[in-house]
Amino acid sequence: MVELISRISKGTRMDQIYIPKKRIDLTVGSYVAIRPLETTAEEEIKLFFYNVKHLEPIKTRIIKEIFKNLNQLIKCDNIIITGSFLESGFRFNDMDIILVSEEKINIKPIESLLENRMGPKFHLILISNKALIKGLSTDPLYMLMLSKCVSKTRFVYRVKPKINYKLVDLHLLKSKLLIDNFDFLTGDEKYEMTRNLIAINQFINKKEITKDKVDLAINNFFGNKTVQKLRNNFLLAKDFLKKYKKVYNNAQNRVLKGIKGEPKQK
Amino acid sequence: MDLFIGNISNSAVHMILGKAIDEDNIRKHYDKEFSISLDIAKSYREKINPKNTPFHGKEIKDIKDRVIKKVRAELNLRISKGYQNINIGLIWPTVNKILKKTKVI
């Protein structure tokens with residue numbers, strides 16, 4: 001396909017674009033589309049890394065490509081990549097992307113379009129700025145999720161934690177499944193539930209929550225290399241579950257005590 | 001099956017606790033968590049045959065009894081620790097609704 005680059009020049013009644021008379025294709029009378037030329041500056045996408053110590057160059061290129069595609073499809077204040085894609089290696093199930101926007105966006109068609117264009121499965125979460133800040137101060141899972149991320153624009157990362165025990169109770173319940181179903185869960189499921197429990201434990205003890213610190217706490221609580229053993233599903237139930245139940249029950253007691261002490265709802 | 005039962009029990013607990021909350025902002029979280037846990041339950045349901053048709057009478061009763069027992073235990077624990085506004089009467093209709101959504105009944 002022939003492509004020509006030309007400049008719009010000012011005319012008296014109408015502005016015009018001059019193209020060479022000697023050219024291949026684009027005959028007089030044919031209809032053409034005019035669109036702005038993407039400049040190098042526009043193509044260059046800057047990434048902001050939060051607690052990502054190393055990322056394979058191919059992944060950086062993929063993220064830039066995702067941002068470029070999303071910029072073409074929607075208008076949003078920020079795009080944040082998080083989750084297993086940012087872990088070392090290529091062991092990720094899907095790509096978790098947070099779209100920060102005040103506008104309502106139908107994300108399902110965008111997910112399918114990205115999948116068709118790029119291949120992997122995409123999991124888009126649409127959130128407003130206000131909800132993001134609130135999530136970061138009240139929700140340990142948000143803290144965990146956004147403790148390691150890559151974003152399109154810089155965002156406020158450190159917010160003061162505020163414990164809402166009813167929300168924490170809600171999140172803690174997810175980790176209970178491991179106690180009754182240890183033998184049926186996959187390694188990743190076990191790791192996620194354990195990580196959730198420990199993140200909540202750190203949160204109610206007012207400790208900082210980052211992915212690395214939670215992993216370290218898991219290894220400290222349950223023994224050396226527990227994270228690795230959990231993810232590979234090599235862990236024996238007996239000793240692990242005994243400690244897990246203890247941590248879970250302690251956390252649950254703290255949370256339920258907290259609910260009792262919370263000011264009554266209006 | 002145990003995982004499926006655990007997940008639908010969680011969905012039911014989320015739904016009932018959501019109704020015990022007056023604050024709109026927090027209830028939205030419960031609604032969201034309910035739909036996430038329901039999706040997880042549905043994905044486990046997909047792994048159990050028959051996938052698209054309801055279970056038989058005895059199996060339905062067995063699943064329902066196990067789910068109700070789990071939900072009741074979770075809610076009673078919270079009530080005993082001072083969690084207010086939990087309506088135990090919602091257990092049966094909520095579990096029924098979720099079992100329909102997951103094609104158990």
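Lys and Arg count as positive and Asp and Glu as negative, while His and the chain ends are not counted; the place of a charge is taken as NZ of Lys, CZ of Arg, CG of Asp or CD of Glu. The exercises below use a predicted model, in which local features need pLDDT of at least 70, side-chain atom pairs count only at pLDDT 80 or more, and totals for chains, interfaces and linings use all residues. Residues are numbered from 1 along each chain as its sequence is written, chains are lettered from A and ligands numbered from 1 in the order in which they are written, and side-chain values use heavy atoms, with hydrogens and water left out.

**Exercise 1. Charges**

Task: Find how many positive and negative side chains chain A has, and how far apart the centres of the two sets lie. Then do the same for chain B.

Solution: Start with chain A, which has 49 positive and 29 negative side chains. The centres of these two sets lie 6 Å apart. Now turn to chain B, with 21 positive and 12 negative side chains and centres 4 Å apart.

**Exercise 2. Overall form of each chain**

Task: Describe the elements of each chain, then set its radius of gyration against the globule rule.

Solution: Count helices (DSSP runs of H or I, at least four residues) and strands (runs of E, at least two), numbered from the N terminus. Chain A has ten helices and seven strands. The radius of gyration is taken over C-alpha atoms, and the globule rule is 2.2 Å times the number of residues to the power 0.38. For the 266 residues of chain A the rule gives 18 Å, but the chain has 25 Å, so it is more spread out than a compact globule. Its C-alpha trace spans about 80 × 50 × 30 Å along the principal axes.

Chain B has four helices and zero strands, in the order α-α-α-α from the N terminus. Its radius of gyration of 14 Å agrees with the value near 13 Å for a compact globule of 105 residues. The principal axes of its C-alpha trace give about 40 × 25 × 20 Å.

**Exercise 3. Buried or exposed?**

Task: Decide whether A:Asp139, A:Asn106 and B:Ala73 are buried, partly exposed or exposed.

Solution: First fix the classes: buried means under 20% relative accessible area, exposed over 50%, and partly exposed in between (1.4 Å probe, protein chains only). A:Asp139, in the loop between α4 (129-138) and α5 (140-146) of chain A, has 3% relative accessibility and is therefore buried. Its side chain makes a polar contact (a pair of N or O atoms within 3.5 Å; within protein, one must be able to donate a hydrogen and the other to accept it, and residues adjacent in sequence count only if both atoms are side-chain atoms) with the side chain of A:His171, at 3.2 Å.

Next, A:Asn106 lies in the loop between β5 (95-100) and α3 (107-118) of chain A; at 55% it counts as exposed. Finally, B:Ala73 belongs to helix α3 (residues 57-80) of chain B, and its 47% makes it partly exposed.

**Exercise 4. Helix α4 of chain B**

Task: Name the buried residues of this helix, then find what B:Asn96 touches.

Solution: The buried residues of α4 (residues 91-101) are B:Ile91, B:Thr94, B:Val95, B:Asn96, B:Ile98 and B:Leu99. B:Asn96 joins this list because its relative accessibility is 14%. Leaving out residues up to four places away in sequence, B:Asn96 touches B:Lys64 and B:Ile105, where contact means heavy atoms within 4.5 Å. After the helix comes B:Lys103, with a positive phi near 55 degrees.
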